[in-house]
Amino acid sequence: MSTRPVVVLAEELSPATVEALGPDFEVRQSDGTDRPRLFADIADAEALMVRSATQVDAELLSHGKNLSVIARAGVGLDNVDVPAATEAGVMVVNAPTSNIVSAAELTCAHILGLARHISPAHEALKAGQWKRSKYTGLELQDKTLGVIGLGRIGGLVAERMAAFDMEILAYDPYVTAARAHQLGVQLVSLDELYEKSDVITIHMPKTPETLGMLNAEAFGKMKDSVHLVNVARGGLIDEDDLAAALRAGTIGGAAIDVFATEPSTDLDFFGEENVVVTPHLGASTHEAQEKAGVSVARSVRLALDGELVPDAVNVAGGAIDELVRPGIPLIEKLGRVVTAMTTEALTDVEAEAAGEIADYNVSALKLAALKGIFTDVVEDPVSYVNAPVLAEQRGISTRLSTATEVEDYRNVLTIRASTSSGTQFEVRGTLTGPKQIEKIVGINGYDLEIPLSDHLVVFEYSDRPGVVAALGKILGEHTINIAGMQISQNTKEGRALAVLTIDSALPAGALETISTAVEAALAAEVDLEEK
């Protein structure tokens with residue numbers, strides 16, 4: 001048996017990919033098209049890396065009981081059953097930005113190729129025909145480019161084509177005017193884009209709403225001379241309507257790299273001279289392939305180290321800002337504190353980020369909070385992937401909130417939880433100083449400031465003389481050293497809460513003995529040692 005985590009490569013990946021994994025893993029080469037061999041090879045693997053030829057489905061996952069992560073070295077995930085992986089608690093990662101430059105450059109190449117008739121002129125000359133006058137093209141300067149979808153690739157295309165002195169219009173309901181202005185782009189309605197554009201390039205995701213959105217009705221709103229380019233997703237352009245429009249001359253030309261069904265080699269419009277087609281080459285550059293492999297290799301390392309992975313498609317965390325990242329282990333520990341304080345089933349969990357951190361994407365914090373809550377209460381390993389599934393299966397409602405105002409600290413993270421009996425719990429924490437020390441700053445309304453340690457004990461009791469002495473006496477009898485203690489009083493109700501940091505876990509029965517001696521309303525031991 002290997003002493004290092006096993007990573008199986010189901011397809012050929014670049015040497016740089018293996019190098020990015022580093023020496024901490026045992027890397028095995030398999031064959032994703034040979035299912036029996038792959039089943040055997042992943043039996044003890046913790047990670048599987050694939051490209052497009054390997055089908056990752058529930059059957060395959062059932063043979064990889066130790067799998068923590070499936071990595072697709074590319075953008076698309078058509079060959080990966082993401083819901084099945086999520087149900088199995090397996091993270092799925094891809095390389096969403098690996099091909100953006102390659103796809104943008106191919107789009108620009110197609111725009112230029114259509115403008116100057118490069119493909120038909122090339123074919124004619126190779127056939128011995130000198131047709132210089134037939135293939136007179138047009139300059140892009142002062143022409144209008146319409147970009148449908150101003151995301152990462154659409155934005156790169158807009159930036160590059162602006163260098164040709166094109167006027168850039170864009171339609172994207174999710175892009176702000178400030179972002180468009182930054183790119184030098186004018187946001188317009190879809191109909192206005194159709195009406196004014198000389199070239200239209202589409203960069204939208206494939207959804208029920210966008211499927212076939214460029215169709216006969218849309219073509220009818222465009223200039224007869226318009227050139228269409230699709231290097232995004234097959235099916236965004238209705239291929240039958242495109243063929244009819246090209247034959248009728250209601251559009252001027254098209255360059256298509258992606259198709260509704262692939263491979264496609266004999267679609268109706270392939271024979272039209274004003275069409276350029278390529279076999280899904282958007283990501284087919286050496287640089288993009290290398291970036292994809294290296295990107296997912298890094299994600300595999302993060303996943304196997306138990307870190308949140310920005311490129312995990314079945315984790316809602318998204319990219320994690322450097323200001324947010326230190327809060328992830330903190331709020332996970334706060335979740336374990338909440339779990340330790342209650343023996344009842346939870347019905348509601350809220351994670352809150354307050355302070356400067358609220359201006360950033362903090363969605364990963366809810367995942368970390370849920371991971372902490374379930375870590376000590378379920379038998380199976382808990383990950384950032386299956387923690388939300390565990391909450392859903394148990395009927396626990398979850399939510400994330402933010403607040404920009406906070407007293408005393410730059411940032412405070414809070415978990416609030418309700419139980420089936422209506423009891424409510426709240427734990428607050430922060431990070432302080434240059435070393436970002438993790439501290440608890442509040443429990444159930446009591447204000448504290450005590451560093452987190454591997455072993456904590458929490459008591460709430462009636463505030464009266466002798467309680468602290470009783471705590472010390474009992475712990476001393478069990479040879480447990482108190483490393484730190486803080487007491488917070490609620491003088492109005494005559495209550496107090498004590499949090500102790502101790503050097504080792506309590507022996508069996510000690511917590512119950514202390515709880516009885518001090519007549520504690522709440523007694524909890526929190527073990528935060530790495531499992």
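Let me start with a strand pair. Strand 6 and strand 7, residues 167-171, pair in the parallel sense over 5 bridges. Within that pairing, V147 stands opposite A170 in strand 7. Keep in mind that this is a predicted model.

Stay on strand 6 for a moment. It runs over residues 144-148 and is mostly covered. How many of its residues are buried? The count is 5 of 5. Look at the two faces. T144, G146 and I148 point one way. L145 and V147 point the other way. Both sets are buried.

Now zoom out. The protein has 531 residues, and buried ones make up 49% of them. There are 17 helices and 22 strands. Along the principal axes, the C-alpha atoms fill a box of roughly 105 × 55 × 40 Å. On contacts, take residues at least 6 apart in sequence. Of the contacts between them, 62% join residues at least 24 apart.

Next, a sheet further along the chain. This one is open, with 6 strands. What is the strand order? Reading across, 14-13-15-16-17-18, and the pairing is mixed. Which strands sit at the edges? Strand 14, residues 397-403, and strand 18, residues 446-451. Each of those pairs on one side only. On average, neighbouring strands in this sheet are turned by 20° against each other, direction ignored.

Take one pairing from that sheet. Strand 13 covers residues 346-355, and its pairing with strand 14 is parallel, over 7 bridges. A353 stands opposite T402 there.

Two helices lie across these strands. Helix 13 is residues 327-341. It lies across strand 13, strand 15 (411-419), strand 16 (424-432) and strand 17 (437-443). Against strand 16, helix 13 runs at about 150°. Helix 14 is residues 363-375. That helix lies across strand 13, strand 14 and strand 15. Its angle to strand 13 is about 135°. Strand 13 and strand 15 are thus on the list for helix 13 and on the list for helix 14.

Last item: internal space. How many cavities of 30 Å³ or more does a search of the whole structure find? The search finds 1. The largest cavity holds about 40 Å³ of space. Its lining consists of N230, G234, G235, I237, E239, L242, I256, V258, F259 and F269. By class, that lining has 6 nonpolar, 3 polar and 1 charged residues.

That's the tour. Over to you.

Notes. Residues numbered from 1 in each chain as written. Predicted model: local features only at pLDDT ≥ 70, side-chain atom pairs only at ≥ 80, totals over all residues. Heavy atoms only, no water. Pairing = 2+ DSSP bridges. Helix = DSSP H or I, 4+ residues; strand = E, 2+ residues; numbered from the N terminus. Axes fitted to C-alpha atoms, helices over the stretch in contact; angles between N-to-C directions. Contact = heavy atoms within 4.5 Å. 1 Å grid on protein atoms, 1.4 Å probe; cavity = no way out; pocket = protein on both sides within 12 Å on 5 of 7 lines; lining within 4 Å. Points joined across faces, edges and corners; volume = space filled by probe spheres on them. Nonpolar A, V, L, I, M, F, W, Y, C, P; charged D, E, K, R; others polar. Buried < 20%, exposed > 50% of the residue type's maximum accessible area, 1.4 Å probe, protein only.
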